[in-house]
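Open the model in your viewer and set side chains to sticks. The tour goes from one charged pair to the next.

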Amino acid sequence: MKVLSSSMITFALLLIQLSGASGGKILVFPLDGSHWINMKVIIEELHAKGHEVTVVRASDSWYISEKSPLYTSVTVPSPGGFEQNYFEDFLSRQLEIRLQGRRASFWSKIWNRIQMERLVVGQFSQLHKGMSEVTIQMFEDENMMQSFHEAKYDVVLTDPGVGTGAMLARRLQVPLVFNVRWTIQGEAHFLIAPSPLSYIPFTATELTDKMTFPQRIRNVLSYTLGMYIMSLITEPYYKPVVKKYFGPDVDYSTFFLDADIWLMRNDFVFEFPRPTMPNIIYMGGFQCKPPKPLPADLEEFVQSSGDHGVVMMTLGTLVGKLPQDIAEEIAAAFAQLPQKVVWRYMGQRPANLGNNTLMVNWLPQKDLLGHPKTRVFVTHGGTNGCQEAIYHGVPVVGLPLFFDQPDNLSRIRAKGGAVIVDIAELDRHIFADALKTALYNSSYRENMQRLSRLNRDQPMKPLDQAVFWIEHVIRHKGARHLQTQSTKMSWFVYNSIDVIAALLAVVLLVTFSCISIVMLLWRIILVGRKVKHE
């Protein structure tokens with residue numbers, strides 16, 4: 001027995017040593033808000049795999065806690081531009097401008113659109129200004145940077161929606177992994193992969209991969225203007241930091257493209273087919289999991305719906321309430337339904353709220369979406385909610401509000417799974433019609449269930465794949481073998497403009513030489529004839 005006990009202790013110690021040896025040291029620079037929810041899912045899995053995780057956060061972090069059992073935090077004593085009240089005021093103001101367009105004239109709608117664009121540009125400029133200041137504060141703190149160097153991190157994991165994480169990785173000379181859909185220079189594919197505008201819709205156009213000629217004109221113009229505006233928002237803040245800490249010879253345009261692996265938060269079930277690159281790893285729906293049982297009181301309410309089922313509505317964590325007149329119209333539409341309704345809403349209770357509607361401050365979105373009685377999901381169109389609706393095969397009624405939400409919902413609509421309602425035009429009749437279409441037209445559920453089957457039919461779970469590739473970078477100290485040279489080329493070289501110009505010059509030279517020789521021979525012949533004649 002003593003021999004057996006001793007062997008078991010030795011075996012246990014070996015296991016502990018092996019698990020410690022396999023764990024890497026990962027430095028994370030996340031983006032706050034809903035992006036942190038995504039990053040936290042990956043951090044949880046990395047922690048469970050035995051990796052040591054350190055998270056860098058700004059002093060005004062909203063979602064990112066300073067204390068956590070999952071990671072050690074490092075707080076930079078500088079605000080990052082994501083302060084809760086300021087951001088909520090921004091969203092409220094943007095919604096207010098959008099609703100001003102209700103039944104407005106054409107020119108008033110144009111003016112409201114300009115106001116909204118100015119507001120968004122101003123907000124994101126403030127965000128990037130704050131993040132550039134966080135970067136400077138961090139780089140100027142010798143003790144902090146020394147501690148980072150001494151820690152000898154294996155990889156930096158960051159969200160390139162802000163530029164700090166990429167600069168930190170370059171400063172530490174550590175391999176870089178992106179948890180990405182959006183970067184400081186736009187949607188990630190447009191920066192790293194070939195993106196023909198003839199069939200790849202630009203952000204915020206709500207177009208599909210099947211465009212008419214006028215739509216292609218609109219797509220090209222949107223791309224040109226959008227990329228220009230994006231450079232105006234980011235370059236004034238990050239470019240001086242790059243120049244100061246990395247030298248004037250560093251090419252800013254390729255500085256943020258240097259990631260070894262791009263973990264893309266979508267896939268081709270959600271996205272339109274398009275060219276990609278070897279170091280892009282798709283992990284659409286990585287945060288999705290099989291549903292857990294609902295709390296007892298909520299389960300009782302759901303079961304009381306009988307065969308009619310349940311409609312679920314939430315506009316995400318950032319929008320807890322709406323203008324009262326809009327809330328009243330939504331409540332009136334819900335009251336017309338035989339289904340039960342679970343509505344996450346934190347505003348004033350609508351006067352005409354139906355007996356079939358349960359209003360809550362919080363709901364278990366993933367678990368309720370996965371419940372067999374859930375018939376329709378009313379959502380603002382955030383990436384997480386759209387992916388979870390696809391995973392569980394639930395039809396969508398979309399109320400897009402901000403940012404990428406209209407584009408997200410338009411992709412589900414193009415695949416036959418969503419009805420979209422413009423909140424500026426919403427009334428009880430329009431909203432009720434949209435709900436009834438999604439509820440009673442069986443094609444919406446059939447299409448979403450087909451997307452769900454496609455999403456689940458993979459050789460490896462998206463989250464496992466994401467962790468595998470992070471560990472791959474750790475094991476091999478990078479993934480440079482997957483990087484293409486295209487990210488280091490200027491547009492002039494990438495599009496072979498120099499080659500075309502050189503070949504054209506040769507053709508012109510040969511043509512000119514041939515013409516010159518012919519003209520010379522012709523003159524010689526003429527002179528010869530003239531002499532002979534004389």
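The stops below cover salt bridges in this predicted model. A search of the whole structure finds 11 of them, and three pairs and one network are visited here, including a pair inside a helix.

Start by selecting helix H4, residues 106–140. Within it, pick Lys-129 and Glu-133, which form a salt bridge with the closest N and O atoms 2.9 Å apart. Why are these two about one helical turn apart? Because they lie four residues from each other in helix H4. Both ends are partly exposed: Lys-129 has a relative accessible area of 33%, and Glu-133 has 34%.

Next, select Glu-140 and Lys-244. Their salt bridge has its closest N and O atoms 3.7 Å apart. This pair links distant parts of the chain, since Glu-140 belongs to helix H4 and Lys-244 to helix H8 (residues 213–246), 104 residues apart. Lys-244 is exposed, at 56% relative accessible area, whereas Glu-140 is partly exposed, at 46%.

Now move to Arg-170 and Asp-258, whose side chains meet in a salt bridge at 3.8 Å, N to O. Here too distant parts of the chain are linked: Arg-170 is in helix H6 (residues 164–172), and Asp-258 is in the loop between helix H9 (252–255) and strand S8 (261–264), 88 residues apart. Is Asp-258 buried or exposed? Asp-258 counts as buried, with 18% relative accessibility, while Arg-170 is partly exposed at 25%.

Finally, keep that pair selected and add Asp-260 and Arg-480. Together, Arg-170, Asp-258, Asp-260 and Arg-480 are linked in a network of salt bridges.

Terms used
Residues are numbered from 1 along each chain as its sequence is written. This is a predicted model: local features need pLDDT of at least 70, side-chain atom pairs count only at pLDDT 80 or more; totals for chains, interfaces and linings use all residues. Side-chain values use heavy atoms; hydrogens and water are left out. A salt bridge is a side-chain nitrogen of Lys or Arg within 4 Å of a carboxyl oxygen of Asp or Glu. Buried means under 20% relative accessible area, exposed over 50%, partly exposed in between (1.4 Å probe, protein chains only).
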